[in-house]
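Student: I am new to this structure and would be grateful for a close look at a single part of one chain, namely the place where two helices pack together. Please then extend the account to the surroundings.

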Amino acid sequence: MPFIPHTEQDIQSMLASIGAKNIDALFDEIPAALKSGKLTAIGDGLNEMQVTRLMRERAAQDSQPLNFIGAGAYEHHIPAAVWDIATRGEYYTAYTPYQAEASQGTLQTLYEYQTMIASLTGMDASNASLYDGASALAEAILMAVRAHKTSRRVLLPATVSPLYRSVARSIVKLQNIELVEIPFDIATGTTDLAALQQHAGSDIAALVIPQPNFFGALEDVDALTAWAHAQGALAIALVNPLTLALLKAPGQWAEKGADIAVGDGQPLGAPLSSGGPYFGFMCCKQALVRQMPGRIIGRTVDLDGKQGFTLTLQAREQHIRRAKATSNICSNQGLMVTAATIHMALLGMDGLRRAAAASHTNTQALTVQASGMQGVKRLFSAPHFHEVVLHLPESSAKVLESMAGQGISGGYDLQPHYPQLGNAILVCATETKTSEDLQRYVAALRHALH
Amino acid sequence: MLIFERSHPGRRNAAQAPHHSAAASGIPAALLRQDQPLLPEASEMDVVRHYTRLSQKNFSIDTHFYPLGSCTMKYNPRACNTLAMLPNFLARHPLAPEATGQGMLACLYDLQEILKDVTGMAGVSLMPMAGAQGEFAGIAMIRAYHEARGDTARTEIIVPDAAHGTNPATAVMCGYTVKEIPTDANGDVDLDALRAATGPQTAGLMLTNPSTLGVFEKQIQAIQKIVHDAGGLLYYDGANLNAILGKVKPGDMGFDVIHMNLHKTFSTPHGGGGPGAGAVGVAQRLLPFLPLPVVAKQDETYRYLTEKDLPQSIGHLSAFSGNIGILLRAYVYARMLGAEGMHRVAEFATLNANYLMAELHKAGFTVAFPQRRASHEFIVSMKPLKDATGISAMDVAKRLLDKGFHPPTTYFPMLVPECLLIEPTETESKETLDAFVAALKEIRDEAHATPELVKGAPHTMPARRLDDVKAARELDLAWKTPA
C-alpha cells in the first residue's frame with residue numbers, strides 16, 4: 001500500500017484495541033446513503049518507476065524556447081545551492097513555526113529574510129510573505145484603506161501590470177473599495193502627472209506607485225510619493241526587489257518615503273515554473289505594522305536570556321482575531337522565502353547588483369540592435385530598467401508567432417491590454433542572455449518581419 | 001549567530017554572479033540608490049553551512065512524528081518533489097505560448113478531473129494559492145451567484161463556533177457579516193440555533209466535516225436542507241478532507257462549493273508555512289463563476305479558459321496561474337495512489353486516529369468525545385491533569401519536544417479546555433503511535449512527581465521557552481548593524 005506502513009497483523013491488533021470488527025465499522029456514524037462508490041476518473045496506482053516515466057514524457061512535451069519575456073516573471077540564474085538546501089527535509093517538510101522551540105531554523109531564516117527585504121526596500125518592517133506580487137498588491141490596498149480610515153478610493157495607474165490590476169480588482173471590490181485608473185503619458189510611458197493632478201484635493205486612501213512600471217519605464221517616484229502625501233494619501237510602492245540593488249529604495253522616496261512596499265519575490269531564487277510558486281513580499285513603516293496582514297517573526301530571548309525567534313503580533317491574524325483579523329491569510333509561501341534568503345545570502349550585495357546591472361545593460365543593447373531595424377522603434381522615452389516596449393511595423397501577434405516558430409519567446413504582446421499602443425511588445429533580456437542570444441533575437445525578428 | 005554576523009566586507013561569490021560590472025548606465029542619478037542595503041558578504045561555503053545548520057534546528061515530518069490536528073502532516077513522497085522539479089517544468093515562462101506547456105497543462109487537466117471525482121463536484125479550478133484563498137474564491141463565488149440572480153439582500157455567512165479562524169475572516173473579506181452558531185454537547189451543529197440563524201439574509205453556511213472537534217457531522221443532510229430551503233449555499237472547508245477521502249464525496253453531502261488543501265490531503269509539503277494550494281470545486285450552478293484560469297481540453301490540446309470563456313468568473317486571484325509547482329506534486333501523489341490508494345487514505349487515517357484515541361483513553365487520558373468515533377483526529381483534554389498538578393496542555397506539548405515528538409495542536413478548538421487536537425495521519429506506523437502513548441504517560445507521571453521538570457520544558461531544544469511578551473512589546477523585526 002503506497003505510503004501506508006500497516007501490516008495485516010498491525011491492522012488486526014489495532015482493530016482489536018478499538019473494539020471494531022473491521023475498518024469499515026469505523027465509518028458507522030456516516031449515513032449509509034452518503035457513502036461513495038468507486039472512483040472512476042483515477043486509474044490504478046503507478047509505482048515510482050512508472051510515474052517517473054509519465055512525468056518525464058510530460059516534461060518532454062514542454063519545449064524550452066529562448067526566453068525574452070518578463071512582464072512580472074524574470075529568468076535569472078539561481079545558484080545550485082539554493083534549492084539543494086531549501087529542499088532539505090528539515091525545511092521542506094516542517095509546518096508553520098507555531099512551536100517556536102522546535103522551529104528555530106525556519107524562524108531565524110525568516111527573520112534574516114525580513115531583515116534583507118526590509119533593507120532592500122528601505123522600510124522598517126516586513127512580514128514573512130504573502131502569496132504573490134499581485135495578491136500582495138491587493139492586500140496593500142486593503143491595508144491602506146484600513147489605515148486611512150476615511151477614504152475607500154485608491155488610485156491605480158495604468159502603468160501597473162494589467163494582470164496585477166485584475167487580481168486587485170477581484171479581491172478588493174468585494175469590500176466596496178473604488179480603484180481609479182490613472183492614465184499614462186503616451187510619450188514617456190510613465191504616469192501622467194497632469195491627469196493625476198485632477199484628483200488633487202479629493203479624499204484618497206492611497207496611490208500605487210510602480211517602479212519600474214509594467215513597461216519597464218522608471219517613474220518619477222519622488223514626485224508621485226510627495227503628491228500622495230500632500231493629499232493625505234498613503235504611498236504604496238510596487239517594486240521588483242532585484243532592481244532595488246541599484247534603484248532608490250521606496251523608504252527613501254521623496255521626503256517621507258513610501259508607506260507600504262510590495263512586490264513579487266520571484267526574481268530572488270524562484271524558477272519561472274509557468275507562474276508559481278513565487279512569493280509576495282510586503283514591507284511597511286513601523287507605525288503601520290499592526291495593520292499588516294500575514295505572519296511576522298520577532299527576535300526575543302528564551303528563559304535563559306539567550307537570543308531566539310518567535311511568531312509575533314499574532315493578534316492581527318485570523319486564528320486569534322477571526323472576523324476582525326487584518327486578512328484571512330494563513331499559509332504563506334514560506335519555502336520560497338527560504339530559497340530567496342539563501343539566494344540573497346549567496347549573491348550578496350555585489351552579486352545582486354551585477355545581476356541587475358547586467359539585465360539592464362542586455363536590455364539596452366537589445367533595444368539598440370532591434371530598433372536599428374526598419375520600422376521597429378522603442379516606444380517610450382523614459383529611462384527603462386530591464387524591460388522595454390518595442391513598436392513593430394506589423395501585427396505583434398503574428399511577429400511573436402513567427403519568432404516562436406524559430407524557438408524564441410520574443411516578448412509579451414501588449415495589444416490585448418493596451419490597444420491604443422498598436423503593435424507593441426514588451427521585451428526583457430536578463431543577465432542570462434549572451435551577446436549571441438541577442439543576435440539570435442534580432443535575426444529572428446528580422447526574419448519575422450519579412 | 002545571524003548570517004549578517006558571518007559577513008566580511010569585500011567577500012563575494014564570483015561564481016554566483018555575472019562577470020558584468022555592477023554599474024548601470026543610462027539611469028538618472030536621482031533614481032539610483034545611494035545607500036548600501038544590508039545583505040551579507042559571505043562565501044558560498046559559509047552560506048551553505050549556515051542554512052544547513054539552521055535547518056537542523058527544525059522538527060519536520062522527515063525527522064519527527066508530527067501529529068498536528070487539522071494540519072494533516074503526512075509523509076511527503078520524495079518522488080513528488082523530484083518530478084515537479086524536472087528542468088522543463090521549471091524553465092517555462094508563465095506567458096510563453098500554451099503550445100510550449102502542453103505537458104504541464106495535461107498534468108493540471110488530469111488533476112482537475114481527479115479532484116472532481118474524489119469530491120463529487122462538477123468543476124474544479126486549481127488556481128487559489130492556499131486554503132484561505134480557496135475559501136475566498138468559494139465565498140466570492142457564492143456572492144457572485146446571488147448577485148447574478150439579483151438576490152442582493154443576502155448579507156450574512158453562518159459559521160459554527162468550532163470553525164477555523166480563516167472562515168469568519170474570509171466571510172468578512174468577501175463583504176459579508178458573520179453569524180456564529182454554537183455546537184451541541186455531542187460536537188454536532190446545534191440545529192435549533194441553525195434554524196434560528198437562517199433566513200432571507202443568509203448567503204451561505206461554511207462547514208468543516210468532520211468538524212474541528214474530530215467528529216463527523218451526522219446531521220449533514222438536515223443541515224443542508226435548512227440552508228438550501230432558505231436559499232443559502234453550502235461551503236465545505238476541506239481542511240479535514242483527509243478523513244473522508246475516497247469514502248464520502250462532499251458533493252453527495254449537498255455542498256455547493258469546496259476548497260481542498262492540497263498541502264494536506266494531497267501530501268504536498270508545508271515548507272515551514274507554505275506554499276500551499278487551495279483548489280476549489282463547485283456544483284453545477286456555480287460553474288460560471290470559477291476563478292481563472294481553468295484548464296480545458298479540446299481535440300487533445302490543452303488551453304487555459306479566459307474571461308471570454310467564463311465572463312461571469314470571479315476573476316484572477318494570482319498574477320499568473322497559481323502555485324503550479326505544488327499542483328504538479330499533488331498530481332504525482334494522486335497518480336501514485338491511484339483509485340485504490342485514494343480509498344485507503346481515509347481508512348488508515350481513521351484507523352490510526354481511533355487506535356490512538358482508544359489507547360490514550362485506556363491509559364486514563366480524558367478524551368473529549370469518547371462516545372463518538374474519531375474521524376482522522378480527536379481531542380484529549382488535559383484539564384484533569386491541570387487541576388491535579390498545575391501542568392497545562394502547553395506544558396505537556398513542550399515536554400513532548402524533549403521526548404522527540406512534535407506536539408499536537410494546542411488550545412484549538414477553543415470549545416474544549418486545555419485541549420490537544422491529535423491527527424496521526426495514515427502514514428505513521430503502529431510502533432510510532434505506541435511510542436507516542438508511552439511518552440504522554442511518562443509526562444503525566446512527571447507532572448505528578450517532578451512538575452518543575454515539565455513546566456520548564458523543553459530542555460533539549462535549540463531554544464528554551466521564548467519570551468513572547470517581550471517579542472510583542474519590544475518589536476525587533478529586522479536586524480540592525482550594531483552602532
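Tutor: In this predicted model, the part to examine is the meeting of two helices of chain B, in which Gly131(B), Ala132(B), Glu135(B), Phe136(B) and Ile139(B) of α5(B) touch Thr166(B), Asn167(B), Thr170(B), Ala171(B) and Met173(B) of α6(B). Sorted by class, this contact of α5(B) with α6(B) comprises five nonpolar, four polar and one charged residues. Two packed helices are described by the angle between their axes and the distance between the axes. Here α5 covers residues 131-148 of chain B and α6 covers residues 166-173 of chain B, and their axes come within 9 Å and cross at roughly 45°. That angle makes α5(B) oblique to α6(B). The crossing in which α5(B) passes α6(B) is right-handed.

A second helix of chain B, α8, spans residues 220-229, and its buried residues are Ile220(B), Ile223(B) and Val227(B). Viewed down the axis of α8(B), these buried residues fall within an arc of 60°, so they line one face of the helix. The spacing along the chain agrees with a general rule: an α-helix has 3.6 residues a turn, so residues three or four places apart point the same way. On the other side of α8(B), Lys225(B) and Asp229(B) are exposed. The buried residues of α8(B) pack against three elements of chain B, namely α7 (191-197), β4 (202-207) and β5 (233-238). Just after α8(B) comes Gly231(B), which takes a positive phi of about 90°.

Two loop residues of chain B may be considered next. Pro413(B) is placed in the loop between β12 (409-410) and β13 (419-422) of chain B. Pro413(B) is buried because 23 other C-beta atoms lie within 10 Å of its own, and 20 or more suffice for that description. Not counting residues up to four places away in sequence, Pro413(B) touches Ala162(B), Thr212(B) and Leu213(B). From Pro413(B) to Asn323(B) the distance is 29 Å, C-alpha to C-alpha, and the two are 90 residues apart in sequence.

The other loop residue, Ala96(B), lies between α3 (87-91) and α4 (102-119) of chain B. Ala96(B) counts as buried, since it has 22 C-beta neighbours inside 10 Å. Leaving aside neighbours within four places in sequence, Ala96(B) is in contact with Gly101(B) and with Pro65(A), Asn67(A), Ile69(A) and Ser409(A). The C-alpha atoms of Ala96(B) and Ile114(B) are separated by 26 Å, the two residues being 18 apart along the chain.

The contacts of Ala96(B) lead on to the two chains as a pair. In total, 171 residues of chain B are in contact with 166 residues of chain A. Helix α9 of chain B, residues 324-362, gives the most to the side of chain B that touches chain A, with 22 residues. By class, that side of chain B has 89 nonpolar, 50 polar and 32 charged residues.

Chain A itself contains 13 helices and 15 strands. Its C-alpha atoms fill a box of roughly 80 × 55 × 50 Å, taken along the principal axes. Of the 450 residues in chain A, 62% are buried. Among contacts in chain A between residues at least 6 apart in sequence, 74% join residues at least 24 apart.

Terms used: Residues numbered from 1 in each chain as written. Chains lettered and ligands numbered in written order. Predicted model: local features only at pLDDT ≥ 70, side-chain atom pairs only at ≥ 80, totals over all residues. Buried ≥ 20, exposed ≤ 12 C-beta atoms within 10 Å, placed from the backbone. Helix = DSSP H or I, 4+ residues; strand = E, 2+ residues; numbered from the N terminus. Arc of directions from axis to C-beta. Contact = placed C-beta atoms within 7 Å. Axes fitted to C-alpha atoms, helices over the stretch in contact; angles between N-to-C directions. Parallel < 35°, antiparallel > 145°, perpendicular 65-115°, else oblique. Left-handed = near helix turned anticlockwise from the far one by under 90°. Nonpolar A, V, L, I, M, F, W, Y, C, P; charged D, E, K, R; others polar.
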